[in-house]
Amino acid sequence: MSTPGSSQALALPPGFKTIEEIRSLPNEQIVRKVAVSVIGFVKDFMPPIQSRGTDHKCTIELMDHSIQNESYGIQVTIFWPEEKMPQISGPGDVVLLRNVKAQMWSGAISLLARHTTEFHVLRASDIPGAPLTAPKARWQSFPPRKFQPPGLAETNYVIWAKSHANEMYLPSDHEFHERSVQAMKVKDKFSLLKDVKPERFYNILGQVIKVHDTMNVMSVYLSDYTANSDFYNNAWSGAGAASEGRDGDEYGYTKSRSKDTKDWPGPFGKLSIQLNLYDEHATFVREYVKVKQWVLLSNVQIKYGKMGGLLEGYLRGDRQRFDGKIQVRVMEKSEDPDGNDVRWKEGVRRSLEYWKKHEAQKEDILREDDGLGNKRKAEDEGSSKLNSKQRRKERRAEAEKKVAASEAKAAERMDLNDNGKASLCCSFPDKTPVSLNEIAAPETIVRQGGPGCPSPFTVRKYRANVRIVNYAPERIEDFSVWRRESEYDMLSDYSGGENTDVEEDMRSYSSGKGFAKKIWEWRFWLQVEDASSNTNPKSPKKRLWLLVDNSSAQGLLSLDDDAANLRKDSDLLARLKEQLFKLWGDLEEQKSELLRLRSKKVHSPPPSSFELSTRSLPQKIGQQPDVDSDSENELPVSKPSKDCPEKSIGNDSEHGMLKPRNKAFTCCIQQYGVKAVEEDPAKADAGEGRRWQRVFALFGTNIK
């Protein structure tokens, strides 16, 4: 924020950049959304409005002396709860931002606040007239009471910049408040493609299916996976290509768009519209938009095309009204899953449902056409692929065992205590704890006019007094697992599939992004023993295996960092072990010794949890489920293992050797059902080849 050519300009405080410097950042930093810090004067302000997610959205335009000769500043967009939003009183208020993301949005560099962004505001009327010797300025910090206010150096810089504020264009108070009021009156012209009508303007959101570029116009084929009878019918020919024959619609449209239409990738049917983009909108799509990305287009004119009487969309430049504003926005995932646009999530869900249905229908058609011989060939090919995958797993398992063996030798023993310093909190304090016997007892389904039968599972939540006696995987380094990032991640009920990683790799690679990003998540199991006072001391105490998934582990562990590769992040591994020590005392030390003794018996390193995860899933209620399942809603399809279930976590005699010194605590347990593979048709109560299996999981419990 220094005037060009001014010899008396005060230097920016360390770590801050001018707006001009942010706009000049290298492209690779913009792509990474590098974090920056900036100080600027408020030029425009759009008060918080409800976003399509659970948060509110607020937009602030900032100016500084580096762009004093320009009419437009840099926009700061905030997606926060309304009570945490910054309060702006008028033009000339100073905003100081730390750790805000620089991004490309609608063809211009802008800033995006995140949950770790420091947001400080100093009203124009509160800016001192002379430099201070002590930090006494009346800064307001947002979210309130989360960050320390700016120091003396930042405040004195603002005082100097205020004395030169007349060199920038800032609106009057009246003009500023007029714009803020108008911003709250924005009319939403959003529509699904199934509802668009000719000779109207809409905001539409969809996935880019195909792009055709010519010198004068950019044609984008877009789908939001809703059908419109006035769209072109892209019929599936049976070989993965679109039909070029008569489409059968009521308007008699028979002419194909071009020869490359036969490579239509889908969706098939009347689910896609052709959009014709001109001027700066075409340039933006040409440079920044790729096939399979989801985009939001504003003010698209819908009308009948020149041939065939089918609906098309048009987006032209309108410099007089929008001053060259790009009306195409590439949708990007929010750091907060609840911050994603609900319309986008609904579209992604329709996409997921469509492709599931399409693949199922395609398989039925191909089976009918190819006959039994090709069907057997496909099964043989599938079997060979599975064997190849197993071979890769074996090679990885061997490497894992070598690493695990060296780590076991170098591991240091942790000092023992009775975890008395741990403070554990549990949700639903008004709910009375129950015994594990009561939790594990299956409920009875009462059928009208007939005898009752045990329910395969019950969706219910409990509180219980327990102590931890075992855990899985056997090595803490394997308490986190990874998967590929997916466009369906924003759907709360999506948990991947058998070929999720391969599909996401190919989808990402074909769109020019390289291979999909790895996402690490917590996933482990705790075996708990009943510690309730009403348990008969003479009878064996009931035990249950509890799943701890990613969200439950984040709450349980109370770590600042998300899950990561624990074999590479030694600092996170140490902090994880420290938290778990508060929970289970010397259990890890006893189990490490047990693994050492076991390895001496067989004269080989103990198996890693990766190897264990490839073995069979225990079928009995209360035993250890698959410790490396890809989904908590549906278990992966695999052939039953010859190993008995107990081998995946050791035998009963070994378990009896584990007598950890720890204290009981109260936790929350939930019960639900998952679909497991079942070859016996008589037991397949969850559809063909599937049966319901009970799962118990930990939730709502925190280590303080």
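How far is the sulfur of Cys668 from the closest cysteine sulfur? The views below address this and other details of a predicted model, in which local features need pLDDT of at least 70 and side-chain atom pairs count only at pLDDT 80 or more, whereas totals for chains, interfaces and linings use all residues. Residues are numbered from 1 along each chain as its sequence is written, and side-chain values use heavy atoms, with hydrogens and water left out.

**View 1. Cysteines without a disulfide.** The sulfur of Cys668 lies 3.0 Å from the closest cysteine sulfur, that of Cys426, which is too far for a bond, a disulfide being a pair of cysteine sulfur atoms within 2.5 Å. Cys668 is buried, at a relative accessible area of 0%, where buried means under 20%, exposed over 50% and partly exposed in between (1.4 Å probe, protein chains only). For Cys425 the closest cysteine sulfur is likewise in Cys426, but at 8.9 Å, again too far for a bond, and Cys425 is partly exposed at 33%. The structure as a whole holds 0 disulfides.

**View 2. Helix H3 and its surroundings.** Helix H3 spans residues 152-162 and is mostly covered, with 8 of its 11 residues buried; helices (H or I, at least four residues) and strands (E, at least two) are DSSP runs, numbered from the N terminus. Among the buried residues of H3 are Glu154, Tyr157 and Trp160. The buried residues of this helix pack against strand S1 (35-50), strand S4 (94-105) and strand S6 (118-122).

**View 3. A salt-bridge network that includes Glu154.** Arg98, Glu118 and Glu154 are linked in a network of salt bridges, each defined as a side-chain nitrogen of Lys or Arg within 4 Å of a carboxyl oxygen of Asp or Glu. Within this network, the side chains of Glu118 and Arg98 meet at 3.3 Å, N to O. This pair links distant parts of the chain, with Glu118 in strand S6 and Arg98 in strand S4, 20 residues apart. Glu118 is buried, with a relative accessible area of 18%.

**View 4. The pair Arg567 and Asp478.** Arg567 forms a salt bridge with Asp478, the closest N and O atoms being 3.1 Å apart. The two residues are 89 apart in the chain, Arg567 in the loop between helix H10 (550-557) and helix H11 (570-584) and Asp478 in the loop between strand S17 (460-472) and strand S18 (480-484). Arg567 counts as partly exposed at 22% relative accessibility, whereas Asp478 is buried at 11%.

Definitions and conventions:
Contact means heavy atoms within 4.5 Å.
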